[in-house]
Amino acid sequence: VLPNAEFPVVVKVSHAHRGMGKIKVDTMDTFRDTATIMALYDAYATCEPFIPCEYGIRVQKVGSTYRVYKKNF
């Protein structure tokens, strides 16, 4: 399980048609705990490096109108 992983990482939990959540994992022990919990559910998870940031941006299009939202952390 992640033999050369550099922490922290983000585990994204999902289902076929919607996202269920994200978990920031700081250590291998926490990753193993997360994997144990994930084994109980019918969902899949992906793992990617954690990238610190100041804010997130969401772009929404409704018809021909665009809206941009900034989410501060």
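1. Ser14 in this predicted model is a buried residue, with a relative accessible area of 14%. The cut-off for buried is under 20%, so a value of 14% falls on the buried side. Ser14 belongs to strand β1. Beyond its neighbours within four places in sequence, the contacts of Ser14 are Gly19, Met20, Ala43 and Tyr44.

2. Ala43 is the partner to take up next, and its list of contacts includes Ser14 in turn. With neighbours up to four places away set aside, Ala43 touches Val13, Ser14, Met20 and Met38. Its place is the loop between α1 and β3. Is Ala43 buried or partly exposed? Its relative accessibility is 25%, and partly exposed covers the range between 20% and 50%, so Ala43 counts as partly exposed. Measures along the chain and through space can be set side by side here: Ala43 and Phe31 are 12 residues apart in sequence, and their C-alpha atoms are 16 Å apart.

3. Ala45 sits in strand β3, which covers residues 44-49. Ala45 is partly exposed, at 39% relative accessible area. Which residues does Ala45 touch, not counting those up to four places away in sequence? They are Val11, Lys12, Val13 and Met38. Ala45 can also be paired with His15: the two are 30 residues apart along the chain, and 8.6 Å separates their C-alpha atoms.

4. Thr34 is part of helix α1. With a relative accessibility of 11%, which is under 20%, Thr34 counts as buried. Apart from residues up to four places away in sequence, Thr34 touches Val11, Ile23 and Val25. A second pair gives a distance across the model: Thr34 and Asn72 are 38 residues apart along the chain, with 26 Å between their C-alpha atoms.

5. Two of the residues touched by Thr34, Val11 and Val25, are also members of the largest nonpolar core. Which residues make up this core? There are five of them: Val9, Val11, Val25, Met28 and Phe31. Strand β1 (9-14) and helix α1 (28-38) are the elements that each give two or more residues to the core. As background, nonpolar side chains in soluble globular proteins tend to be buried together.

6. Arg67 lies in strand β5, which spans residues 65-72. Its relative accessible area is 43%, so Arg67 is partly exposed. Outside its neighbours within four places in sequence, Arg67 is in contact with Arg58, Val59 and Gln60.

7. One peptide bond deserves a check by eye. The bond from Phe7 to Pro8 is cis, and its omega is near 5 degrees. Pro8 is located in the segment before β1. For context, most peptide bonds are trans.

8. The chain as a whole has one helix and five strands. In what order do these elements run from the N terminus? The order is β-β-α-β-β-β. Of the contacts in the chain with a separation of 6 or more, 39% are between residues 24 or more positions apart.

9. The overall dimensions can be read in two ways. The radius of gyration of the chain is 16 Å, whereas a compact globule of 73 residues would have one near 11 Å. Along the principal axes, the C-alpha atoms fill a box of roughly 45 × 30 × 20 Å.

10. Turning to the surface, what share of the 73 residues is buried? Buried residues account for 15% of them. The chain exposes about 6,200 Å², and 54% of this area comes from carbon and sulfur atoms. As for charge, there are 10 positive and 7 negative side chains. The centres of these two sets are 15 Å apart.

Definitions and conventions. Residues numbered from 1 in each chain as written. Predicted model: local features only at pLDDT ≥ 70, side-chain atom pairs only at ≥ 80, totals over all residues. Heavy atoms only, no water. Core = buried A, V, L, I, M, F, W, Y, C linked by side-chain atoms within 4.5 Å. Buried < 20%, exposed > 50% of the residue type's maximum accessible area, 1.4 Å probe, protein only. Helix = DSSP H or I, 4+ residues; strand = E, 2+ residues; numbered from the N terminus. Rg over C-alpha atoms; globule rule 2.2 N^0.38 Å. Contact = heavy atoms within 4.5 Å. Areas by Shrake-Rupley, 256 points an atom, 1.4 Å probe, with all protein chains shown as cover. Lys, Arg positive; Asp, Glu negative; His and termini not counted. Charge placed at Lys NZ, Arg CZ, Asp CG, Glu CD.
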